[in-house]
Amino acid sequence: MRNGKGFTLVELMVSISITSILATLSVTKLDGFLAEMRVDNEISQLHRLLLSARNLAISSGENVTVCPLNTANTCNTEWHNEISVFIDRNNNQQLDVSNQELIFKVKDPITLSDQLIYGKTRNKVVYKPTGQLSGLTNGTFRYCPKNYKDKSRGIIIARSGRLYTSSDIDNDGKDENRSLKEMSCD
């Protein structure tokens, strides 16, 4: 009798099966982790952009607009596109270079399959020189990653102009706003 060193075919097949099951589970978890990191990154960038706009309004003493601009440099509701910050001197919701309006800061578009929602028809955020929002209501930005709606996060803009990031207040794995309402992508 020889004492063989190595695996039998059955042992090899069991090892490969276990390895493939573990690899499948880890890839699934990795996708969720990557979606969560993408959401955190986008929320952080948007938060910094809004803070910069508010600070610009206070320091310049003029209204500052945050919005996605179309090809005609007019604010629109396509928040998933590039978002611009500019001083809108004539308050026409349009970037007028002829009126010496310049873009102060720009945020890159989000991942194509994800959503960034700000109300249903809201096309801009305008900060007054006091740092407050221009208009009567506050608003919520909601970032919704594709296939991971439970990882959605948001930024709430109060009428005072202050920003609040959503968090998982009730420890159910989903972010809520300050009124304990879950971030929804519907």
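The exchange below goes through several labels used for this predicted model and the values behind them.

User: Why is Leu22 called exposed?
Analyst: Exposed requires a relative accessible area over 50%. Leu22 has 53%, so the label applies. Leu22 is found in helix H1, which covers residues 9–60.

User: Why is Trp79 called buried?
Analyst: The limit for buried is under 20% relative accessible area. Trp79 has 1%, so Trp79 is buried.

User: What makes Trp79 and Phe141 an aromatic pair, and which geometry does the pair have?
Analyst: Ring centres must lie within 6.5 Å, and planes over 60 degrees apart count as edge-to-face. The rings of Trp79 and Phe141 are 5.1 Å apart centre to centre with 85° between the planes, so by these cut-offs they form an edge-to-face pair. Trp79 sits in the loop between E1 and E2 and Phe141 in strand E6, 62 residues apart.

User: Why is the pair of Tyr118 and Phe141 called stacked?
Analyst: Stacked applies to planes under 30 degrees apart. For Tyr118 and Phe141 the angle is 15° and the centres are 4.2 Å apart, so the pair meets the criteria for stacked. Tyr118 lies in strand E4 and Phe141 in strand E6, so the pair ties together parts that are 23 residues apart in sequence.

User: Are Phe141 and Tyr118 buried or exposed?
Analyst: Phe141 has 0% relative accessibility, so Phe141 counts as buried. Tyr118 has 4% and also counts as buried. Trp79, Tyr118 and Phe141 form one aromatic cluster. A search of the whole structure finds three aromatic pairs.

User: How do you know that Cys67 and Cys75 form a disulfide?
Analyst: The sulfur atoms must be within 2.5 Å. Those of Cys67 and Cys75 are 2.1 Å apart, so by that cut-off the two residues form a disulfide. The angle about the S-S bond is -65°, and the link is left-handed. Cys67 and Cys75 are buried.

User: What makes Cys144 and Cys185 a disulfide, and which parts does the pair tie together?
Analyst: Their sulfur atoms are 2.0 Å apart, so the pair passes the 2.5 Å cut-off. The link of Cys144 and Cys185 is left-handed, with -100° about the S-S bond. Cys144 lies in strand E6 and Cys185 in the segment after strand E8 (163–165), so the pair ties together parts that are 41 residues apart in sequence. Both Cys144 and Cys185 are buried. The whole structure has two disulfides by this search, and with the bonded cysteines numbered in sequence order the pairing is 1-2, 3-4.

User: How do you know that strands E2 and E3 pair?
Analyst: Pairing needs at least two bridges. Four bridges join E2 (residues 83–87) to E3, so the requirement is met, and the two strands run antiparallel. Val85 stands opposite Lys105 in E3.

User: Why do E3 and E5 stand at the edges of the sheet?
Analyst: The open sheet has four strands in the order E3-E2-E1-E5, with antiparallel pairing. Strand E3 (103–107) and strand E5 (125–127) each have a single partner strand, so one side of each is left without a neighbour in the sheet. From one strand to the next the twist averages 15°.

User: Which residues have the most contacts inside the largest nonpolar core?
Analyst: Leu50, Val125, Tyr127, Phe141 and Ile157 do, in a core of 30 residues. H1 gives the largest share of this core, eight residues. Beyond its sequence neighbours up to four places away, Ile157 touches residues including Leu50, Val125, Tyr127 and Phe141.

How values were computed. Residues numbered from 1 in each chain as written. Predicted model: local features only at pLDDT ≥ 70, side-chain atom pairs only at ≥ 80, totals over all residues. Heavy atoms only, no water. Buried < 20%, exposed > 50% of the residue type's maximum accessible area, 1.4 Å probe, protein only. Axes fitted to C-alpha atoms, helices over the stretch in contact; angles between N-to-C directions. Core = buried A, V, L, I, M, F, W, Y, C linked by side-chain atoms within 4.5 Å. Contact = heavy atoms within 4.5 Å. Phe/Tyr/Trp six-rings, centres within 6.5 Å; stacked < 30°, edge-to-face > 60°.
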